[in-house]
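Let's take a walk through this structure together, one region at a time. Please have the viewer open and follow along as we go.

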Amino acid sequence: MKKNSPIAKLITFTVNGKEFTRYVIQSMLLIDLIRDELGLTGTKTGCLEGECGACSVLLNGAAINSCLFLAINVEGHEITTIEGFSTGEKMDEVQTAMIQNGAVQCGFCSSGMAVSIKSMQTRSRNESRIPTRHEIQKGLEGNLCRCTGYIKIIEAAGEILNK
Amino acid sequence: MSNEKMTEKLKVIGKPQPKIDAGIRITGKAVYGQDIKLPYMLYGAILRSEHPYSGFSIDVSEAKKLEGVVCVITADDVDCNNISYRKDHPILKKGEVNCLRDEIAAVAAESKEIAVQALKLIKVNYKPGHGIYDPFEALKPEARIINKYLKDTGQGKNISHKFLYEHGNLDEEKRKSKEIVSNRFVLPRVTHCCLATSNITADFSPVTKRLTLYSSTQVPFLYQRDMAHALKINPSDIRVVQVVIGGGFGSKLDMYPFEPIAAILSMKTCRPVQIIFDREEEFIASPTRQAMVMDIEAGIDKNGRFTFREANIVIDNGAYTSWGATTPFVMMQTFSSLYHVPACRFESKAVYTNNVYAGSFRGYGNPQATFALESTIDLLAEKLGMSKTEMRLINANFKGETSGQGLTYYTCGHKEALEMVIDKSKNQNSEFGIRNEKRFLFGTGYASMLHVGGGAKIYRSDGCGTRVNLDDYGHLTIITGSTEIGQGSETVLAMLASEELSIPISKIKVINTDTDVKPWDVGVHASRTTFVAGNSLLGAISKLKIKLIKKAAEILQCTIDELIFVNEEIKSEHKNNSVRIEKVVREIHFSQPNELCTENFFYEPSSEFQDKDYKGNVSGAYAFAAQAVKVEVDTYTGNVKVLDVYVAQDVGKVLNPMGLTGQIEGGVLMGVGYGISEELMVENGRILNPNFHNYKMLTASDVPNIHFYPIETNDSQGPYGAKGMAEAPLIPTAAAIANAVADAIQARIYSLPVTPEKILKALKEKNIKHK
């Protein structure tokens with residue numbers, strides 16, 4: 001796609017700290033931009049209908065389902081995917097907490113879980129308030145996991161949010 | 001050495017170890033089937049039937065004309081053998097469809113979008129007929145034959161597989177019975193809900209004539225053989241590369257038509273072809289747990305001892321057969337051998353219908369059998385007027401017992417597990433009973449389970465091969481036949497090796513994904529990997545250690561029996577001198593006669609094949625567990641809240657407490673879903689809820705308190721005493737929930753899931769009776 005057209009639009013956005021300017025087809029989903037155009041396959045396609053949360057990414061620090069979000073709407077915004085969590089050798093504390101708490105089994109939901117926990121962490125810091133266990137559970141409701149029974153994920157989130 | 005002493009000395013085993021593959025999975029670097037992109041790759045899509053039962057003719061000419069479409073196939077374009085162990089399943093259907101999953105055409109195109117568009121251009125002329133959706137209808141003499149491909153097995157019309165098992169004198173035990181109960185239990189279809197949908201990337205090379213399959217199979221070597229049979233090619237020309245698997249739970253035990261379809265498209269186009277299901281397709285076209293109707297009669301003598309059990313089971317097989325039709329192997333164990341019972345008769349029929357077919361699912365029939373049996377035990381206790389816990393305790397399995405079916409329990413923690421959950425569930429841990437409004441009722445339910453814990457000798461070999469290699473720098477590579485599906489087998493293997501050789505886990509690699517590289521293994525199922533692959537690894541390491549110790553004894557000028565492995569060194573306990581393992585490896589490698597530090601070992605469990613009457617000690621060890629569940633029932637809405645699940649399980653020995661509790665918690669929640677929320681609803685062959693919105697998988701908000709108490713019986717057959725454990729936590733949960741609900745509302749639900757509708761209905765009927 002070379003220029004603005006009824007179906008494509010030139011947009012500028014940031015992914016994992018790096019600025020991109022791209023022509024994007026108006027009907028393209030954010031998940032397809034992330035996975036197919038940018039090759040960031042750590043974001044997973046679980047259901048494409050906003051039910052499972054495997055495709056969660058951060059939009060300006062808050063978790064969204066990238067399968068329900070049109071790519072053109074990221075213009076001027078900042079996206080963080082799981083690949084943006086770790087810099088070089090150093091992992092983000094959310095990732096470390098998930099590993100150390102045994103919160104990762106098959107791992108297919110893990111990127112989305114990490115994104116949701118990060119989103120809660122940011123919100124909790126902004127509001128200077130530690131969420132209760134019940135609120136953590138509610139905060140993870142949008143992310144399905146078939147392996148872990150969620151307990152170790154809730155524990156990892158609790159560890160991060162109580163810091 | 002006593003167990004206590006042995007445990008004291010263990011440095012790695014028994015300590016919590018995060019999964020060694022967690023890092024790549026949590027950073028987005030793991031390559032799942034969805035993430036594979038090969039050069040010049042095409043995207044495949046499958047056209048499935050619009051009707052559960054119909055004749056049809058098909059015209060693909062318009063689809064072929066679409067720009068970007070490279071290949072379109074129908075049954076007329078392929079020369080394949082039928083698949084499934086009954087060989088009753090054509091890969092592409094011709095002229096007639098028998099269930100909603102039926103594949104009638106497939107395309108390969110330059111993009112996913114073009115492939116989907118091409119499917120819409122295929123013209124199909126259907127002539128729908130009256131399908132048979134009830135297995136009891138299919139058993140009637142006037143019913144038509146549903147699956148025309150099954151060779152006559154002599155088992156009866158529309159029966160894919162029949163099992164008949166008996167032990168003891170049923171008539172005599174019936175006479176001895178003080179009380180007998182007889183009930184029908186109905187079990188739903190549920191599905192795996194793997195977060196990663198089914199996927200395959202097939203890559204045929206016209207130059208080498210070899211086929212590489214990037215697959216999520218749980219059984220790579222059986223898959224290789226099945227694929228070769230289907231495609232009429234040589235198994236050795238097929239290389240199976242297992243991608244990172246996004247959930248298995250039994251769903252990847254069979255090969256399904258989409259896999260050979262991708263292979264055929266690749267062979268025809270000489271380009272890689274990828275097929276990935278979307279979520280709706282996953283719900284419709286991946287296998288389910290068996291829906292079934294179970295008629296159970298059981299008796300008890302005046303002292304509360306079980307006398308007999310009789311089970312008659314009709315399983316909805318669906319239109320084709322998968323390994324799931326053999327789940328009665330496991331179900332009959334529960335009826336014949338869970339709690340001591342002098343007589344048992346078990347009969348099951350997997351019956352063809354025009355419904356979607358069932359497959360294998362964690363627990364393999366056992367959650368169904370355990371629900372029916374444990375409900376029956378509660379009913380017997382109520383009828384005899386005996387305590388439900390007491391009745392379970394006096395009939396519990398015991399060490400040294402050989403069951404009527406010939407299962408021998410060299411170790412058995414059944415009674416201990418029961419005592420543990422009975423005792424612990426007395427504690428007040430939660431909201432149990434705190435709401436004293438009349439609206440809320442509280443109840444406690446119990447259930448046990450028995451499952452294989454040392455493999456299952458069903459296939460001609462239940463073994464696993466391992467190759468270990470110590471390199472010149474003291475790093476170990478384990479090449480194992482076994483498969484990682486997220487359950488943590490790589491980590492447990494690395495821990496075992498680390499314990500044995502004193503090499504840190506960071507210096508151990510596990511290679512397990514390529515049939516061209518790894519030694520044979522029957523596959524990941526039957527909770528067998530820790531036990532079988534663990535023993536196989538220990539066998540290989542023990543050979544490696546002999547080689548190392550011989551050389552070390554030369555270097556240290558001492559005898560071999562005084563040498564131990566400690567801190568990456570081989571040390572003489574007497575002389576107090578030592579040599580680095582890596583130095584020993586280099587001495588072996590670089591001095592005459594030159595050798596590498598590599599060893600192979602194949603482990604076959606000591607278990608036996610069952611005879612034609614299904615008798616024999618089929619596993620190397622048996623896992624036992626008991627669960628107690630506390631529930632709150634809202635009598636206004638019928639809603640069940642599972643408050644606490646107490647789990648005590650005989651795991652032989654705790655190897656990795658972190659991995660173990662992960663399996664327990666995941667299994668229990670899957671069991672809670674089976675108990676209260678999950679059902680794939682099917683009406684006249686059509687699936688009504690093929691999405692996560694209407695198929696109720698539980699979320700983080702639904703998690704009960706799970707209290708886990710591992711029981712260590714140190715089985716001499718297991719690696720460091722461990723048994724298989726990963727299916728077990730799911731098996732008794734739904735049964736215990738149903739018993740807890742019955743305890744709360746004083747009325748019983750005879751089917752799963754225990755939904756608000758069923759509870760309100762049961763409450764209403766109870767009130768009518770009392771008025």
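Two strands count as paired here if DSSP finds at least two bridges between them. With that in hand, look at strand β9 (residues 199–205) of chain B, which is joined to β12(B) by four bridges, the two strands running antiparallel. One place to find this pairing is B:T201, whose bridge partner in β12(B) is B:Q274. Keep in mind as you look that this is a predicted model.

Strand β12 (residues 273–276) of chain B also pairs with strand β1 (residues 42–48) of chain B, this time in parallel and through two bridges. Here B:L42 stands opposite B:V273 of β12(B).

Just before that strand, have a look at helix α8 (residues 258–269) of chain B. Its twelve residues reach 16 Å from the first C-alpha to the last, close to the 16 Å expected at 1.5 Å a residue. How many of the twelve residues of α8(B) are buried? Ten are, so the helix is mostly covered, given that buried means under 20% relative accessible area. Among the buried residues are B:F258, B:I261, B:I264 and B:L265. After the helix comes B:C270, with a positive phi near 55°.

The loop between α8 and β12 of chain B also holds B:R271, and its salt-bridge partner B:E110 lies in the loop between β5 and α4 (112–121) of chain B, so the pair ties together parts that are 161 residues apart in sequence. The two side chains meet at 2.9 Å, N to O. Is each partner buried or partly exposed? B:R271 counts as buried because its relative accessibility is 6%, while B:E110, at 38%, counts as partly exposed.

Side chains of opposite charge can pair when their charged atoms come close. Over all chains, a search of the whole structure finds 60 salt bridges. In one of them, B:K93 and B:E103 bring their closest N and O atoms to 2.6 Å. B:K93 sits in the loop between β3 (69–74) and β4 of chain B, and B:E103 in strand β5 (residues 103–109) of chain B, ten residues apart. B:K93 is buried at 2% relative accessibility, and B:E103 is buried with a relative accessible area of 2%.

A further salt bridge joins the side chains of B:R189 and B:D316 at 2.6 Å, N to O. B:R189 is in the loop between β8 (179–187) and β9 of chain B, and B:D316 is in strand β14 (residues 306–318) of chain B, so parts that are 127 residues apart in sequence are tied together. B:R189 is buried, at 9% relative accessible area, and B:D316 is buried too, at 6%. There is also a network in which salt bridges with shared partners join B:E374, B:D378, B:E382, B:K388, B:R392 and B:R748.

Next, find the open sheet of three strands in chain B, with the order β4-β2-β6 and antiparallel pairing. Because β4 (96–97) and β6 (123–128) of chain B stand at the edges with a single partner strand each, one side of each is left without a neighbour in the sheet. Strand β2 (residues 54–59) of chain B pairs with β4(B) over two bridges, and B:S54 has B:V97 as its bridge partner there.

Now turn to helix α15 (residues 529–556) of chain B, whose 28 residues reach 38 Å from first C-alpha to last, close to the 40 Å expected at 1.5 Å a residue. Since 21 of its 28 residues are buried, α15(B) is largely enclosed by the rest of the structure. B:Q557 follows the helix, with a positive phi near 50°.

Finally, visit the place where the two chains meet: 44 residues of chain A are in contact with 50 residues of chain B. The area buried between them is about 3,700 Å², with carbon and sulfur atoms giving 59%. A:Q105, A:F108 and A:R146 supply 22% of the area that chain A buries against chain B, more than any other three residues.

Across this interface the rule finds five salt bridges, including one between A:K44 and B:D35 at 2.4 Å, N to O. The chains also share 23 residue pairs in polar contact. For a close look, choose B:R25 in helix α2 (residues 22–26) of chain B, which counts as buried at 5% relative accessibility. A polar atom of the B:R25 side chain lies 2.6 Å from the backbone oxygen of A:C106. The contacts of B:R25 include A:V104, A:Q105 and A:G107 from chain A, and B:Y32 and B:E484 from chain B.

How values were computed. Residues numbered from 1 in each chain as written. Chains lettered and ligands numbered in written order. Predicted model: local features only at pLDDT ≥ 70, side-chain atom pairs only at ≥ 80, totals over all residues. Heavy atoms only, no water. Expected span 1.5 Å × (residues − 1). Buried < 20%, exposed > 50% of the residue type's maximum accessible area, 1.4 Å probe, protein only. Contact = heavy atoms within 4.5 Å. Buried area = accessible area lost by both parts, 1.4 Å probe. Salt bridge = Lys/Arg side-chain N within 4 Å of Asp/Glu carboxyl O. Polar contact = N/O pair within 3.5 Å; in protein donor to acceptor, adjacent residues only side chain to side chain. Lists of a residue's contacts leave out its neighbours within four places in sequence.
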